[in-house]
2 protein chains.
Amino acid sequence: MVTIQEVAKKAGVSTATVSRVLNNRETVREKTRVRVEQAIQELNYEPSALGRNLRNSESRLLLVLIPSISNPFYTEIINGIEDTAISKGYNILLCETDSNPAREAIYFNMVRNRLADGIILMDPTVNRKNLYDLASRHPIVQCSEFDEEGEISYVTIDNELAAYQAVKHLIKLGNRRVALINTDEKYLYARERRRGYEKALHEFGLPIESKWMRETEQLGFEGGQQAMRSLLNEADKPNAVFSVSDVLAIGAMKEIQLQGLKVPDDIAVIGFDKISFSNMTNPTLTTIAQPMYKMGSISANMIINKIRGKDVESLILDHELIIREST
Amino acid sequence: MVTIQEVAKKAGVSTATVSRVLNNRETVREKTRVRVEQAIQELNYEPSALGRNLRNSESRLLLVLIPSISNPFYTEIINGIEDTAISKGYNILLCETDSNPAREAIYFNMVRNRLADGIILMDPTVNRKNLYDLASRHPIVQCSEFDEEGEISYVTIDNELAAYQAVKHLIKLGNRRVALINTDEKYLYARERRRGYEKALHEFGLPIESKWMRETEQLGFEGGQQAMRSLLNEADKPNAVFSVSDVLAIGAMKEIQLQGLKVPDDIAVIGFDKISFSNMTNPTLTTIAQPMYKMGSISANMIINKIRGKDVESLILDHELIIREST
DNA sequence: CATAAAAATGTAATCGATTACATAAAAGAC
DNA sequence: GTCTTTTATGTAATCGATTACATTTTTATG
């Protein structure tokens with residue numbers, strides 16, 4: 001590997017001068033600069049980020065922690081993060097945690113080790129003690145999911161309100177038996193969206209019945225399908241379903257159709273996230289749109305500001321109900 | 001930040017001894033080891049990866065370059081890479097290139113800079129000169145897509161054969177007007193799958209007609225939908241479609257159904273990749289399954305072997321035709 | 001042309017770890 | 001208890017860059 005020493009020798013200058021040329025710092029004489037640049041060219045020299053980072057203690061790398069890349073929900077968020085980060089001279093690295101504490105620890109350590117400058121966290125299942133410990137010394141922000149108790153900045157939407165509006169929409173269409181397909185309540189959004197669901201039922205004087213609520217372990221289509229199958233086994237079938245994610249909703253629609261029922265005539269379905277796929281189903285899926293790109297972009301800005309030592313404030317963004325054919 | 005010096009001081013030993021404890025190297029006396037470990041505990045010391053990597057010139061980090069994380073095709077591959085890499089003590093970082101040469105350059109440089117030990121490349125649109133240049137000095141393997149001319153190791157499937165079998169399946173069902181929905185032929189798989197398509201037509205004495213071939217820029221659903229719309233505008237409509245990806249195939253099915261036609265009765269559809277979604281459509285999608293997890297796992301093994309200086313051989317894995325409702 | 005001021009470059013310490021080699025301490029042999 | 005061998009620990013160089021400070025070269029001034 002070519003080092004700065006070799007370049008310096010070839011150009012007949014000191015390493016300090018080469019470094020100055022590299023960082024176009026101070027005043028290097030035109031003649032010398034050209035000579036150094038030539039040497040760099042000829043030797044095909046690439047400065048070692050390791051040496052540089054060690055000295056500067058910064059890496060200009062951001063870690064983005066997501067539970068699983070297979071979840072389309074994260075796609076747009078990541079685009080937002082990426083565009084913003086790159087425009088500010090940072091690169092991002094995607095880390096899939098699988099909600100596995102051991103993996104999280106690895107990535108957290110990359111920040112402790114100074115391999116990365118900060119973390120954008122989208123995984124809610126992180127160990128709280130570890131999280132606080134990291135947050136106390138290193139830049140970290142949360143996106144979408146966040147810890148309600150801690151002091152860590154976040155950007156998210158009002159999940160309770162969004163769920164409330166979704167369910168209200170279903171009720172206003174005349175559906176009085178509204179089911180809920182939820183995920184594990186370890187997720188904050190799951191707890192909040194259930195609250196919104198219950199609030200809407202309550203407001204319209206409808207009973208909150210556990211026979212119409214399901215909690216699925218699986219976040220994939222199959223999870224939604226299973227939950228729907230179980231709901232359809234009830235003697236008293238629901239005539240509408242609010243699902244906390246599009247993926248689950250699509251699984252649910254699949255099951256409804258498998259059983260020979262029609263969406264929305266027999267059962268109306270509403271999802272959450274507006275993933276690109278939700279427009280490809282038949283019927284197309286009514287859903288709640290989150291400003292995902294914006295969420296990503298804002299969280300990138302937040303973490304960069306934090307890295308630079310500025311104070312940042314948490315934000316709650318607006319959502320939107322997208323009415324399509326499934327309701 | 002706590003350094004090894006502070007630990008050494010606290011434990012009353014030299015940094016060399018602390019380092020030995022950290023790497024449980026050689027023989028450190030029980031008593032000393034305990035004292036050092038206590039100091040590490042109390043100071044909450046984390047060794048700096050930067051210092052360590054600089055000295056050892058290795059980072060135990062692998063870069064995985066994909067064009068876009070939104071493409072579900074990569075999901076399983078990445079799982080395979082991740083499991084294997086982690087079991088061998090390497091961490092992976094996902095890099096989304098957007099097929100943008102500037103971004104690729106950034107990630108390539110991370111390897112040149114020794115921030116990462118090697119690259120698993122899944123993006124075909126990389127600049128060839130850059131690629132060869134990197135490959136000549138640093139470990140890199142290609143997964144799925146590869147450069148036909150270079151010497152860089154790869155793992156993939158026989159795309160031409162798979163496409164041939166898919167189209168043969170359509171023809172054997174009695175469809176004599178088989179259309180092709182392809183992507184940009186900058187992709188190797190696109191060129192190979194077209195060859196397989198043509199081979200099958202040729203074998204059954206069917207003409208190769210450009211009116212039944214479409215090339216789409218967009219890799220998303222919309223691309224498939226548009227291509228299908230255009231195909232259905234032909235006076236002489238196809239009665240079967242081979243689409244080079246499930247995503248495009250699903251878009252195509254959507255359009256067929258929008259126009260009031262039935263899959264597979266009016267038009268049979270076959271996809272490629274067996275993404276998880278392909279089982280959620282109505283009807284479910286006939287497709288070609290690639291051994292994605294295995295491809296990922298093998299490519300991780302290949303890159304690690306390369307990093308360790310071993311020679312590695314390219315591999316072509318088996319695929320499988322999954323017949324479902326759409327044909 | 002001599003001298004002061006400004007600009008360019010060099011010297012060497014530094015970041016935080018690892019490790020060859022040197023030295024000190026413990027164990028074993030008589 | 002002394003001497004040798006073995007084991008444990010310390011010293012200092014090293015990885016590849018950056019930068020405060022020192023030194024040299026250039027430019028400006030009278």
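A charge is said to sit over a ring if NZ of Lys or CZ of Arg is within 6 Å of the ring centre and within 35 degrees of the ring normal. The model is predicted, so that local features need pLDDT of at least 70 and side-chain atom pairs count only at pLDDT 80 or more, while totals for chains, interfaces and linings use all residues. Residues are numbered from 1 along each chain as its sequence is written, chains are lettered from A in the order in which they are written, and side-chain values use heavy atoms, with hydrogens and water left out.

**View 1. Charges over rings.** B:Arg60 lies over the face of B:Tyr90, at 4.7 Å from the ring centre. In chain A, the face of A:Tyr164 has A:Lys199 over it, 4.7 Å from the ring centre.

**View 2. The axis between the chains.** A turn of 180° with a shift of 0.1 Å along the axis lays chain B on chain A with an RMSD of 0.1 Å, the superposition being by least squares on the C-alpha atoms of residues with pLDDT of at least 70 in both copies. This is the relation of a two-fold axis. The C-alpha of chain B nearest the axis belongs to B:Leu94, 2.4 Å from it.

**View 3. A stacked pair in chain A.** The rings of A:Phe146 and A:Tyr154 are stacked, 3.7 Å centre to centre with 15° between the planes; rings of Phe, Tyr and Trp (its six-membered ring) pair if their centres lie within 6.5 Å, and planes under 30 degrees apart count as stacked, over 60 as edge-to-face and the rest as tilted.
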